[in-house]
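Notebook open, model loaded. I want to go through one helix, the cavities and the aromatic rings, and jot down what I find.

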Amino acid sequence: MDYYDELEKAYEVGVESKEALPILERVIMTADANHDVSIGIEARDLFVEAAVFNGESVKLLQAFSWLVKQYEDGNQEVNTFDLLWKYKWVGEEIPYFDAISKQQIEALLNDMKTKFEENNYSLQPYYKVKTLVAIYMGDKQVAEEFFEKWQHTKGDYMSDCAACETHEKAHYYVFMGKYAEAIKTAKPILNGRQRCAEVPHLTYGIMSKAFLELNEVEKAKECIDAGYPLVKGEPGLLFSLASLITTSIKLGETDRALNMFEENEHLVWGRENNLNNFLVLLAIYPLLDDAEKRAQIAAQARKFDERNGNTYFQDQL
């Protein structure tokens with residue numbers, strides 16, 4: 001099978017399938033060996049999407065960096081709108097790895113801002129990504145600063161869908177401890193009026209926490225019941241799984257929490273330096289008896305905190 005046929009196979013498999021990743025890696029390798037830049041661009045475009053769906057952040061950054069280089073070298077085959085759209089995904093994912101420094105994160109986000117400005121797009125998506133990155137790095141001050149800019153900047157064609165905007169706004173309120181505001185914001189999602197590929201999947205996790213913090217125990221349980229089937233076995237949705245496990249433990253439903261973890265454990269160990277994977281381990285930490293694994297999780301918390309310049313994750317331990 002030549003690499004053209006392999007590329008067609010990747011389309012048939014679909015970017016949401018983990019099977020697409022090794023196929024596209026072979027296509028990229030062969031296209032590069034044959035100096036076929038056109039196929040290299042097409043395959044990497046698909047690879048970035050597949051990597052996002054399947055939680056492969058490191059490989060995502062490698063493919064995306066190559067596309068940015070082609071764009072900056074003036075290759076007209078790189079679609080500007082598509083590249084800038086993907087900047088949102090990559091910008092959000094870049095803090096997921098502790099090996100990527102705070103300076104490198106800032107450099108990529110500054111480059112995102114520059115390219116949006118150069119092409120006369122609204123900076124609303126940039127402000128949103130800055131808010132989310134601050135949340136992932138445990139920085140409430142920066143999150144608050146850029147949330148205000150995000151909310152007071154008019155969007156355009158580069159903005160996300162209504163469901164994503166609503167979800168991330170609710171996410172911000174949960175992070176800031178404004179639980180009633182989070183629930184109010186998420187109502188269109190919880191009522192089924194807004195949805196997309198990852199919403200309400202991700203929303204049930206953060207809402208389970210919000211309801212529990214306000215002592216609405218039954219609604220917190222309903223979020224777990226509705227949310228877990230949507231995220232089970234999905235490597236790109238581990239962030240929500242972590243929240244569901246944490247809420248279950250706080251509800252005293254430790255057997256359920258352990259069951260959720262054990263059913264997804266194969267997705268987690270071995271990639272602890274990926275923030276989404278680490279958050280699941282952080283969630284199950286109170287129920288782990290293995291001293292070595294507990295020490296491993298604590299060490300990873302220190303690594304993220306050292307990069308982020310705070311004690312956000314260690315405080316949760």
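Which residue with a positive phi follows α11? I looked it up: N215 comes after the helix, and its phi is near 65°. Note to self: this is a predicted model.

**Entry 1, helix α11.** I checked how covered the helix is. α11 runs over residues 201–213, and 11 of its 13 residues are buried. Among the buried ones I noted H201, Y204, M207, F211 and L212. I then asked what they pack against, and got α9 (162–175), α10 (179–190), α12 (217–231) and α13 (238–250).

**Entry 2, cavities.** I searched the whole structure and found two cavities of 30 Å³ or more. The largest has a volume of about 40 Å³. Its lining is made of I41, D45, L67, V78, N79, D82, L83 and K86. The elements giving two or more residues to that lining are α3 (37–53) and α5 (80–93), and α5 has the largest share, with three residues. By type, I get four nonpolar, one polar and three charged.

The second largest cavity holds about 30 Å³ of space. K209, L212, E213, T246, T247 and K250 line it, with α11 and α13 each supplying at least two residues. So I'm back at the helix from Entry 1, where L212 is listed as buried. This lining divides into one nonpolar, two polar and three charged residues.

**Entry 3, aromatic rings.** I get 19 aromatic pairs in the structure. One of them is F81 with W85, which is stacked, at 5.9 Å centre to centre with 25° between the planes. Both sit in helix α5, four residues apart, about one turn of the helix. An α-helix has 3.6 residues a turn, so residues three or four places apart point the same way.

Are these two buried or partly exposed? F81 counts as partly exposed because its relative accessibility is 33%, and W85 counts as partly exposed too, at 23%.

Next I pulled up Y312 and F313, an edge-to-face pair at 5.0 Å centre to centre and 70° between the planes. Y312 is partly exposed at 26% relative accessible area, whereas F313 is buried at 2%. Ring pairs also link both of them with F175, F278 and F304 into a cluster.

**Entry 4, charges over rings.** F175 turned up again here: the charged end of K140 sits over its ring, 5.9 Å from the centre. I also found R294 over the face of Y285, at 4.1 Å from the ring centre.

Conventions: Residues are numbered from 1 along each chain as its sequence is written. This is a predicted model: local features need pLDDT of at least 70, side-chain atom pairs count only at pLDDT 80 or more; totals for chains, interfaces and linings use all residues. Side-chain values use heavy atoms; hydrogens and water are left out. Buried means under 20% relative accessible area, exposed over 50%, partly exposed in between (1.4 Å probe, protein chains only). Contact means heavy atoms within 4.5 Å. On a 1 Å grid over the protein atoms alone, a cavity is a set of points where a 1.4 Å probe fits but cannot get out, and a pocket is an open set with protein on both sides within 12 Å along at least five of seven lines; lining residues have an atom within 4 Å of a point. Grid points are joined across faces, edges and corners, and a volume is the space filled by probe spheres set on the points. Ala, Val, Leu, Ile, Met, Phe, Trp, Tyr, Cys and Pro count as nonpolar, Asp, Glu, Lys and Arg as charged, and the others, Gly among them, as polar. Rings of Phe, Tyr and Trp (its six-membered ring) pair if their centres lie within 6.5 Å; planes under 30 degrees apart count as stacked, over 60 as edge-to-face and the rest as tilted. A charge sits over a ring if NZ of Lys or CZ of Arg is within 6 Å of the ring centre and within 35 degrees of the ring normal.
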